[in-house]
Amino acid sequence: MKQQELEDRLIRFGVNVVQLMKRMPGSAASVNLVNQLVRSATAPALLYAEACAAESLQDFIHKMSVGLKELRESRTSLRLVLMNGYIIGQAIESLIDESDQLVRIFGKSINTCRNRLKPSN
């Protein structure tokens with residue numbers, strides 16, 4: 001996947017989460033979840049943009065690792081929304097699937113970079 005394609009995908013993920021969260025009820029628990037989810041779902045696009053301008057491979061790995069944590073948090077938060085019955089249906093299931101795919105992409109990228117840092121035998 002090309003750099004611009006991944007960045008666009010991360011932006012779409014963040015936008016889609018924000019749009020979905022507009023459908024959430026206004027209870028104290030759901031408002032807290034919405035606030036946390038909006039932060040964690042929009043952060044990976046920003047972190048990826050920073051990673052693309054990293055000053056070293058270690059810096060890239062660090063920024064991608066923080067983005068991976070945010071994606072995992074988003075995936076878990078989306079599952080909490082679904083399991084609490086706040087939002088059900090294809091829209092949230094698609095976002096959970098997309099977050100899972102993005103987690104795998106980030107994880108693979110990080111592992112590939114870590115392998116490049118290992119000394120050759």
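Here are some short exercises on the structure above, each with a worked solution.

This is a predicted model, in which local features need pLDDT of at least 70 and side-chain atom pairs count only at pLDDT 80 or more, while totals for chains, interfaces and linings use all residues. Residues are numbered from 1 along each chain as its sequence is written, and side-chain values use heavy atoms, with hydrogens and water left out.

**Exercise 1. The overall plan**

Find how many helices and strands the chain has, and describe its extent.

Step 1. Start with the secondary structure: there are four helices and zero strands. Helices (H or I, at least four residues) and strands (E, at least two) are DSSP runs, numbered from the N terminus.

Step 2. Read the order of the elements from the N terminus, which is α-α-α-α.

Step 3. Turn to the extent: the C-alpha trace spans about 55 × 25 × 25 Å along its principal axes.

Step 4. Add the surface. Its accessible area is about 7,100 Å², and carbon and sulfur atoms hold 51% of that. Such areas come from the Shrake-Rupley method with a 1.4 Å probe; for residues, only the protein chains shown count as cover.

Step 5. Finish with the inside. Of the 121 residues, 38% are buried. Here buried means under 20% relative accessible area, exposed means over 50%, and partly exposed lies in between (1.4 Å probe, protein chains only).

**Exercise 2. The nonpolar core**

Work out which helices supply the largest nonpolar core, and which of its residues touch the most other members.

Step 1. Know the term: a nonpolar core is a set of buried Ala, Val, Leu, Ile, Met, Phe, Trp, Tyr and Cys residues joined through side-chain atoms within 4.5 Å.

Step 2. Look for the best-connected members. The largest core has 30 residues, and those touching the most other members are Leu10, Phe13, Met21, Val81 and Phe106.

Step 3. Trace the suppliers: α1 (3-21), α2 (28-52), α3 (57-83) and α4 (90-117) each give at least two residues to this core. The largest share, eight residues, comes from α4.

Step 4. Zoom in on Leu10. Setting aside residues up to four places away in sequence, Leu10 touches Pro44, Ala45, Tyr48, Leu71, Leu102 and Phe106. Contact means heavy atoms within 4.5 Å.

**Exercise 3. An aromatic pair**

Locate the aromatic pair and describe its geometry.

Step 1. Search the whole structure, and one aromatic pair turns up.

Step 2. Describe it: Tyr48 and Phe106 are tilted, at 6.2 Å centre to centre and 50° between the planes. Rings of Phe, Tyr and Trp (its six-membered ring) pair if their centres lie within 6.5 Å; planes under 30 degrees apart count as stacked, over 60 as edge-to-face and the rest as tilted.

Step 3. Place the partners. Tyr48 is in helix α2 and Phe106 in helix α4, so the pair ties together parts 58 residues apart in sequence. Both Tyr48 and Phe106 are buried.

**Exercise 4. Two cysteines**

Explain why Cys52 and Cys113 are not joined by a disulfide.

Step 1. Recall the chemistry: a disulfide is a covalent bond between the sulfur atoms of two cysteines. The cut-off used for a disulfide is a pair of cysteine sulfur atoms within 2.5 Å.

Step 2. Check the distance. The closest cysteine sulfur to that of Cys52 is in Cys113, 11 Å away, so it is too far for a bond. The structure holds zero disulfides.

Step 3. Compare surroundings: Cys52 is partly exposed at 30% relative accessibility, whereas Cys113 is buried at 5%.

**Exercise 5. Buried residues in three helices**

Describe the surroundings of Ser74, Arg9 and Leu95.

Step 1. Begin with Ser74 in helix α3, which is buried at 0% relative accessibility. A polar atom of its side chain lies 3.2 Å from the backbone nitrogen of Ala41. Beyond four places in sequence, Ser74 touches Phe13, Leu37, Ser40 and Ala41.

Step 2. Move to Arg9 in helix α1, buried at 14% relative accessibility. Apart from neighbours within four places in sequence, Arg9 contacts Met1, Glu98, Gln101, Leu102 and Ile105.

Step 3. End with Leu95 in helix α4, buried at 7% relative accessibility. Not counting residues up to four places away, Leu95 touches Phe13, Asn16, Val17, Leu20 and Leu78. Leu95 and Asn115 are 20 residues apart in sequence and 30 Å apart in space, C-alpha to C-alpha.

Key
Polar contact = N/O pair within 3.5 Å; in protein donor to acceptor, adjacent residues only side chain to side chain.
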